[in-house]
Amino acid sequence: EPQLVESGGDSVQAGGSLRLSCAASGYTYTTYCMGWFRQTPGKEREGVAAIYVGVGRSSYADSVKGRFTISRDNADNTLYLQMNSLKPEDTAMYFCAADLAERHLSDQCVVDPEAYTYWGQGTQVTVSS
């Protein structure tokens, strides 16, 4: 059973940066989708960024394009989200997720929480103005 553990959440001032990490274990797939998502109380979970692991193709929500970068370290099987120029509206619980379904190499991983099966427990990011 895949396990995902997020870390790196913190409280920062607007304009600051944070890097979230997601340690993945329990599977040996080489090409699959992973993503970052966020949720605030009373709202639906929304997609932030996704990456096709093993291919390197990434996708971003419009709200974070140019500010956030998703990446993965193959050596230690860790997913990262570098967040720069943070805004108060970025405040949320951030989750990483994996979708291990087989897909074509030309596919694009979607930034849609409905497409993901395995989830971490989340890490809180708070951005103050």
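**Strand pairing, nonpolar cores and the largest pocket**

Strand β2 (residues 11–13) pairs with β11 in the parallel sense over three bridges, strands being DSSP runs (E, at least two residues) numbered from the N terminus and pairing requiring at least two DSSP bridges. In this pairing, Gln 13 stands opposite Ser 128 in β11. The model is predicted, with local features needing pLDDT of at least 70 and side-chain atom pairs counting only at pLDDT 80 or more, whereas totals for chains, interfaces and linings use all residues. Residues are numbered from 1 along each chain as its sequence is written, and side-chain values use heavy atoms, with hydrogens and water left out.

Strand β11 also pairs with β9 (residues 92–99), in the antiparallel sense and over three bridges; here Ala 92 stands opposite Val 125. Along β11 (residues 123–128), Thr 123, Val 125 and Val 127 point to one face and are buried (under 20% relative accessible area, 1.4 Å probe, protein chains only). Gln 124, Thr 126 and Ser 128 point to the other face and are not buried.

The largest nonpolar core (buried Ala, Val, Leu, Ile, Met, Phe, Trp, Tyr and Cys residues joined through side-chain atoms within 4.5 Å) has 29 residues, of which Met 34, Trp 36, Leu 81, Met 83 and Tyr 94 touch the most other members. Elements giving two or more residues to this core include β4 (32–39), β8 (78–83), β9 and β11. A second, separate core of seven residues includes Cys 33, Tyr 52, Ala 97 and Tyr 116.

Note on methods:
Buried means under 20% relative accessible area, exposed over 50%, partly exposed in between (1.4 Å probe, protein chains only). Helices (H or I, at least four residues) and strands (E, at least two) are DSSP runs, numbered from the N terminus.
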